[in-house]
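Grab a pencil and get ready to look at a protein the way a structural biologist would. Try each exercise yourself before you read its solution.

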Amino acid sequence: MAAVTNMGSSIDPTRPSIARVYDYLLGGKDNYAVDRAVGDVFKRDLPGSVDIAFANRAALARAVREIAKTTGVRQFIDLGSGLPTAENVHEVVQRHAPESRVVYVDNDPQVLVHGRALLENNDRTRVVAADVRNPDGVRTDPGTVDIIDFARPVAVIFSAILHHVNDDEDPAGIVRYWRDHVPSGSFFFISHFRSGNNPETEEAEKVLQQTFGRGRWRTDAEIASLLDGLQILDPGIVPASLWRPAQTDNAYGRGERRELTVWEHLIAAVLARKA
Ligand SMILES: C[S@@+](CC[C@H](N)C(=O)[O-])C[C@H]1O[C@@H](n2cnc3c(N)ncnc32)[C@H](O)[C@@H]1O
């Protein structure tokens, strides 16, 4: 049975949570009226937020699948993992490499409860209740050390999480911590709200900040600086939909050819490697 360690505070259905709003945008059912109200503001004022969420999830799935299929890395730490949805990281990587181990990390109590329910029968997976802004706490958590061998390469996943870390909370320092504590051959995946330096992005940033008190859209150069000291792999920092789309697929994996929407340009994906 997968353990949930370091259980945090209880679920508060009266205040919106990032995890539950995101779940609502992805069409999930693990959300309350207060989350749907915020999600509806996003849908109204930022009609592309659903595109962004799906493009992000699809890029994440492609990245971890590629790591599982083409490298020997069999350990994954998914930081700010979110509520279980379709194609969770352990489902994708264990399909290709069943021995893969996955640690999910989140600080939302609902994620922890649902994560435990989903992972009940998976002894290669753990859910850790921790704050990604305290990377040492995540790395040394009993749930992490139970299944991750830090003498071997690890894939560290920052999917749609670093834009929830404000500048004064040192997002680059968080990535640097992991860079310094994993061996050569480890991978780093980041997806991140991508500033278009245009009025749409400014408006979106404002909505995000007002709702959650955090949310930072960064330029490609700022995202690159988060990966200091790591090798950025092809195709670099690109809109998530353009991050190694499958040959027969378009961004969504639906098989049709089309231009990206304006919104899809607002979420970037990048894979890097520690040399
Ligand atoms: C937008 S969701 C992304 C979920 C998933 N990684 C994905 O890409 O689909 C952001 C998640 O990060 C979590 N989160 C935000 N700040 C966090 C923090 N400081 N520590 C841990 N988790 C955090 C939220 O609870 C939420 O589940």
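Below are five exercises, each with a worked solution.

Before you start: this is a predicted model, so local features need pLDDT of at least 70 and side-chain atom pairs count only at pLDDT 80 or more, while totals for chains, interfaces and linings use all residues. Residues are numbered from 1 along each chain as its sequence is written.

**Exercise 1. The whole protein**

Task: Work out how many helices and strands the protein has, and how its radius of gyration sits beside the globule rule.

Solution:
- Step 1: Count the elements, where helices (H or I, at least four residues) and strands (E, at least two) are DSSP runs numbered from the N terminus. You should get 10 helices and 9 strands.
- Step 2: Take the radius of gyration over C-alpha atoms, and the globule rule as 2.2 Å times the number of residues to the power 0.38. The protein comes out at 17 Å, close to the 19 Å that the rule gives for 275 residues, so it is as compact as a globular protein of that length.
- Step 3: Fit a box along the principal axes, and the C-alpha atoms fill roughly 45 × 40 × 40 Å.
- Step 4: Check burial. A residue is buried if 20 or more other C-beta atoms lie within 10 Å of its own, exposed if 12 or fewer, and partly exposed in between, with C-beta atoms placed from the backbone. Buried residues make up 48% of the 275 residues.

**Exercise 2. Strand β2 and its neighbours**

Task: Find which strands pair with β2, and say which way its side chains point.

Solution:
- Step 1: Locate β2 at residues 75–79, where 5 of its 5 residues are buried.
- Step 2: Sort the directions. Gln75, Ile77 and Leu79 point one way, while Phe76 and Asp78 point the other way.
- Step 3: Look for partners, remembering that two strands pair if DSSP finds at least two bridges between them. On β3 (residues 101–106) there are 5 bridges to β2, and the two strands run parallel. On β5 (residues 155–159) there are 3 bridges to β2, again parallel.
- Step 4: Name some pairs. Gln75 stands opposite Arg101 and Leu79 is the bridge partner of Val105, both in β3. Over in β5, Phe76 faces Ala155, and Ile77 has Val156 as its bridge partner.

**Exercise 3. Following the crossovers**

Task: Trace the chain from strand to strand: which helix links β2 to β3, which links β3 to β4, and which links β5 to β6?

Solution:
- Step 1: Know the test. A crossover is right-handed if, with the strands pointing away from the viewer, the path from the first strand over the helix to the second runs clockwise.
- Step 2: Start at β2. Helix α4 (residues 89–96) completes a right-handed β-α-β unit with β2 and β3.
- Step 3: Move on to β3, which pairs with β4 (residues 125–129) in the parallel sense over 5 bridges. Helix α5 (residues 109–119) carries the chain from β3 to β4, in a right-handed crossover.
- Step 4: Finish with β5 and β6 (residues 187–193), which are parallel and share 5 bridges. Helix α8 (residues 171–181) makes a right-handed β-α-β unit with them.

**Exercise 4. The buried side of α4**

Task: List the residues of α4 that are buried, then find what they pack against.

Solution:
- Step 1: Go along the helix and you'll find Val89, His90, Val92, Val93 and Gln94 buried.
- Step 2: Recall that an α-helix has 3.6 residues a turn, so residues three or four places apart point the same way.
- Step 3: Look for contacts (C-beta atoms, placed from the backbone, within 7 Å). The buried residues of α4 pack against α3, β2, β3, β4 and β5.

**Exercise 5. Gly80 and the ligand**

Task: Decide whether Gly80 is buried or exposed, and find which residues come nearest to the ligand.

Solution:
- Step 1: Place Gly80 in the loop between β2 and α4.
- Step 2: Count 23 other C-beta atoms within 10 Å, which means Gly80 is buried.
- Step 3: List what Gly80 touches, leaving out residues up to four places away in sequence: Val105, Asp106, Val132, Ile161 and His164.
- Step 4: Turn to the ligand. A residue is near it if its C-beta atom, placed from the backbone, lies within 6 Å. Of the 20 residues around the ligand, Ala19, Gly80, Gly82, Asp108 and Ser159 come nearest.

Terms used: Contact = placed C-beta atoms within 7 Å.
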